[in-house]
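This report walks through selected local features of one protein chain. Keep the sequence and the structure side by side while reading.

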Amino acid sequence: MLIIEDSEDDCFLLVRALKREFDVTYERVDTSAALRDALRAGKWDVILSDYFMPQFDAPAALAILQEEEQDLPFIIVSGKIGELEAVRAMKGGAHDYVMKGDQARLIPAIRRELREAAIREERRKADLDLREQLHFRQALIDSIPTPIFFKNPVGIFLGCNKAFEAFSGLDQSQIVGRTIFDIAPGSLAENFEESDRELFLRGGTQIYESSISFADRAIHDVIFYKATFQNVDNSLGGLVGTILDITERKQTEEKLRYMSTHDALTGLYNRAYFQEEMERLEQGRQFPVSIVIADVDRLKYVNDTLGHAAGDELIISAALVLKGAFRAEDVVARIGGDEFAVLLPSADTAAVDEALHRLSTRLGSRNGSDDQLTLSMSFGVATAVKGERLEETLKLADKRMYHDKSTKSCIPAEGSGISFPQP
């Protein structure tokens, strides 16, 4: 016990009476300085204090107790205390007041306040444990680089991690207690809410891909992983979600997909894609299907005399001319070193003739530039109707191209570097 009393005799009588019920260790103080020293030096179970003293009083002692942030049972034991003083003391933090000599009330009051103090201490420990658990949980999820968020069953954010703050461009204080409509654009918020509502209805987990834009205004390809959680009473507590940014992975996949279907030098489709499209068209309804085979003339001569870099430039020029001469739905591909092929769905011989004349015009314009190598090409054309194999059509077009290359029997269009094969 810490006893605040200016009278040694009163203190002696009080301790003697209490020793009948308690194993008492005590210290008597009667000034503010002595009280502060005692509070800082020892761990006390209860404080008994007189109300009026020459240099000190109970309200001043209570003020010091609050300054020192110590929650101890504080019972006033006074020989003269009125109702006004008692009310003032209770408002100041006193737990009870007893008249001096009234041991019948004092001892139960001490027992009661010791029990209440123990309960408060347990609560403080529980609160501290909870705060530490919450701090650990927050530190744990903050260390995860993937955005994580929590919501209650009506869509109000309960928490998030640092990665979600960065993703949304908002601090946690601007997120917690708000809905997605407070922190995201309207259309995006509606999509969020709809998917959350569906998850709350059926429970369990939810995984889906989406494209979203947030703090950096860039479009991100993401995967949402969300799951509902239950409260301790098994009622719905809300959901926890995480956002996995797969933009880089998508870009890599797209690049690999592009590389698997396109020629690295020209950017045209490659032979593998051309073959796939030929097989697809053969099973479809876009007949007649025409095939044009094109070959760059004198490429070996250019490679041998001017180098392969010049040869590559000639191939790239041929690709640009071909790409510009055919329709958007036509498949223009590089199928060999100097050989190109074009698939023209729903194109009869008249449509192919139009395309070849467009090609002649573009090639003539290209060769009109004095600072470029002249581009000359040989062609073979074949058209298939429903029921004919496109592989055979390809072989026929290839055969006609080689015939054109070997004979050049037609007069080329002036300055165009192109000859049209005879039927």
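Is S78 buried or exposed? S78 is buried, because its relative accessible area is 1%. The model behind this value is a predicted one.

**S78 and its surroundings**

S78 belongs to strand β4, which covers residues 74-78. Its side chain meets the side chain of D50 in a polar contact of 3.4 Å. With neighbours within four places in sequence set aside, S78 is in contact with D50, Y51, V98, M99 and K100. D50 thus appears both as the polar partner of S78 and in its contact list.

**Helix α3 and its ends**

Strand β4 also turns up in the packing of helix α3. This helix runs over residues 58-67, and A58, P59, A61, L62, I64 and L65 are buried in it. What do these buried residues pack against? Their partners are β1 (2-4), α2, β3 (47-49), β4 and α4 (83-92).

The N-terminal end of α3 is capped by D57. A side-chain oxygen of D57 lies 3.0 Å from the backbone nitrogen of A60. After α3 comes E69, with a positive phi near 55°.

Helix α2, one of the partners of α3, spans residues 32-41 and holds A33. A33 counts as partly exposed, because its relative accessibility is 47%. A33 and I64 lie 31 residues apart along the chain, and their C-alpha atoms are separated by 9.7 Å. I64 is one of the buried residues of α3.

**Two helix pairs**

Helix α13 (residues 308-325) packs with helix α14 (residues 349-367) at about 135°, and their axes are 9 Å apart. The angle therefore makes α13 oblique to α14. The two helices cross in a right-handed sense. On the α13 side, the contact is made by L314, S317, L320, V321, L322, G324 and A325. On the α14 side, A355, R358, L359, R362, L363 and R366 take part. By class, this contact has eight nonpolar, two polar and three charged residues.

What angle do helix α11 and helix α15 make? Helix α11 (residues 271-282) and helix α15 (residues 390-407) pack at about 125°, with axes 9 Å apart. That angle makes α11 oblique to α15. F274, Q275, M278, L281 and E282 of α11 meet L390, E391 and L394 of α15. The residues of this contact divide into five nonpolar, one polar and two charged.

**More on α11 and the loop after it**

E277 also lies in helix α11. Is E277 buried or exposed? E277 counts as buried, because its relative accessibility is 12%. Leaving out residues up to four places away in sequence, E277 touches V331 and L343.

The loop between α11 and β11 (289-296) contains P288. A cis peptide bond joins F287 and P288, with omega at about 5°.

**Loop residues**

N234 has a positive phi although it is not a glycine. S346 also has a positive value and is a residue other than glycine. The table sets out their angles and places.

| Residue | Phi | Place |
|---|---|---|
| N234 | about 75° | loop between β9 (219-230) and β10 (236-245) |
| S346 | near 55° | loop between β13 (339-344) and α14 |

How accessible are these residues? N234 counts as exposed, because its relative accessibility is 59%. S346 counts as partly exposed, at 44% relative accessibility. The loop that holds S346 ends at α14, the helix that packs with α13.

Where is G387 found? G387 is in the loop between β14 (377-384) and α15. G387 is exposed, with a relative accessible area of 73%. Its distance to D171 is 66 Å in space, C-alpha to C-alpha, and the two residues are 216 apart in sequence. The loop of G387 is followed by α15, which packs with α11.

Terms used: Residues are numbered from 1 along each chain as its sequence is written. This is a predicted model: local features need pLDDT of at least 70, side-chain atom pairs count only at pLDDT 80 or more; totals for chains, interfaces and linings use all residues. Side-chain values use heavy atoms; hydrogens and water are left out. Axes are lines fitted to C-alpha atoms, for helices over the stretch in contact, and angles run from 0 to 180 degrees between N-to-C directions. Helices (H or I, at least four residues) and strands (E, at least two) are DSSP runs, numbered from the N terminus. Angles under 35 degrees count as roughly parallel, over 145 as roughly antiparallel, 65 to 115 as roughly perpendicular and the rest as oblique. A crossing is left-handed if the near helix is turned anticlockwise from the far one by less than a right angle, and right-handed if clockwise. Contact means heavy atoms within 4.5 Å. Ala, Val, Leu, Ile, Met, Phe, Trp, Tyr, Cys and Pro count as nonpolar, Asp, Glu, Lys and Arg as charged, and the others, Gly among them, as polar. Buried means under 20% relative accessible area, exposed over 50%, partly exposed in between (1.4 Å probe, protein chains only). A polar contact is a pair of N or O atoms within 3.5 Å; within protein, one must be able to donate a hydrogen and the other to accept it, and residues adjacent in sequence count only if both atoms are side-chain atoms.
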